[in-house]
Structure formats: C-alpha cells, structure tokens
Amino acid sequence: PDLAFPLSLTQAHLFGIIEHLVEVLGRRDQHVNKHGDRVYTGWLFSLFSVIEKPIPMDYMSLLRTAGRKCLELGYPTIHRLNSSGSHDEADASFHYFVLFLLICHYFQQYDLLEEVDATSLQLQSLSLSR
C-alpha cells in the first residue's frame, strides 16, 4: 500500500489495524496463496514503517506478538537457511522472517531473537512426529 494512508492515521488507529492483521494471521488457513501473504506482509511493513518512537508498553506488547507470529510464519525460511544456507525471496515465509527481524532490530526487541532457535527446534520436532 501507498504510505500516504498509514501516514494519515493516528498511532491508535495504526496499532488497531496491526492488531487486526495479527489476529487474521493467527487464524489464517495454511493454504493462503502467495498473493494473500504478500498483501499481509506489505501492509505490515507499511504500518511498521510509520510507527513513532517511543512506543507505549501496551503497543510494544502487540509488536512482540506480531514478531512471534512473523517468526512462526517465517519458519520455512529459517529451515532453508539452516539446511542449505540459501533462501527464496519470492517465498512468503522470507517476507515474514524479514518482518520478524525488523521488529527485533528497529524496535530493539533483541530478546525475541533468542526465540528463533527454540521455535525452529519446536517446529522441527512437530514436523518429524507427523
């Protein structure tokens, strides 16, 4: 989306939309097409890019939740990086992983990076048990 719309929003409305998108991603069907994922990641990136700092704690909690969801959806990229050292920028999981890294670094939520290993190990064990 064009940044003109997110720039016209109050921070409260901005975080309201982010909260809605995180809820939608939380209930999304695993078979969402790549176009749908690109819409979500494009909107999230646009919204994240106009957040004003410092961020109130209740909004930071929402960003951390968004980061965890992006990490979960970015797991295929993490798995590929761990196994072959390569990634596919056309893959939606890559875009979710980039959003996760954006939240960790730009919003200084470095402790979320520690969840990468825990999440990849947990998801690997789930896929191996099937």
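In this predicted model, helix α2, which spans residues 11-27, and helix α4, which spans residues 57-73, have axes that come within 10 Å and cross at roughly 30 degrees. The crossing in which α2 passes α4 is left-handed. On the α2 side the contact is made by Q11, A12, F15, I18, E19, V22, L25 and G26, which meet Y59, L62, L63, T65, A66, K69 and L73 of α4. By residue class, this contact of α2 with α4 divides into 10 nonpolar, 3 polar and 2 charged residues.

Helix α4 also takes part in salt bridges, and a search of the whole structure finds 3 of them. As a general point, side chains of opposite charge can pair when their charged atoms come close. The pairs are set out below.

| Salt bridge | N to O distance | Location | Residues apart |
|---|---|---|---|
| D111 and R64 | 2.7 Å | D111 in the loop between α6 (92-106) and α7 (115-128), R64 in α4 | 47 residues |
| R68 and E115 | 3.1 Å | R68 in α4, E115 in α7 | 47 residues |
| K69 and E72 | 3.2 Å | K69 and E72 both in α4 | 3 residues |

The salt bridge between the side chains of D111 and R64 links distant parts of the chain, joining the loop between α6 and α7 to helix α4. Its two partners are placed unlike one another with respect to solvent accessibility: R64 has a relative accessible area of 16% and is therefore buried, the limit for that class being under 20%, whereas D111, with a relative accessible area of 36%, is partly exposed.

The salt bridge of R68 with E115 likewise links distant parts of the chain, with R68 in helix α4 and E115 in helix α7. Here R68 counts as partly exposed at 35% relative accessibility, and E115 is also partly exposed, with a relative accessible area of 23%.

The salt bridge between the side chains of K69 and E72 lies within helix α4, where the two residues are separated by about one turn of the helix. K69 counts as buried because its relative accessibility is 14%, and buried means under 20%, while E72 is partly exposed, with a relative accessible area of 39%. K69 thus appears in two parts of this description, since K69 is among the α4 residues that meet α2 and its side chain also meets that of E72 in a salt bridge.

Definitions and conventions
Residues are numbered from 1 along each chain as its sequence is written. This is a predicted model: local features need pLDDT of at least 70, side-chain atom pairs count only at pLDDT 80 or more; totals for chains, interfaces and linings use all residues. Side-chain values use heavy atoms; hydrogens and water are left out. Axes are lines fitted to C-alpha atoms, for helices over the stretch in contact, and angles run from 0 to 180 degrees between N-to-C directions. Helices (H or I, at least four residues) and strands (E, at least two) are DSSP runs, numbered from the N terminus. A crossing is left-handed if the near helix is turned anticlockwise from the far one by less than a right angle, and right-handed if clockwise. Contact means heavy atoms within 4.5 Å. Ala, Val, Leu, Ile, Met, Phe, Trp, Tyr, Cys and Pro count as nonpolar, Asp, Glu, Lys and Arg as charged, and the others, Gly among them, as polar. A salt bridge is a side-chain nitrogen of Lys or Arg within 4 Å of a carboxyl oxygen of Asp or Glu. Buried means under 20% relative accessible area, exposed over 50%, partly exposed in between (1.4 Å probe, protein chains only).
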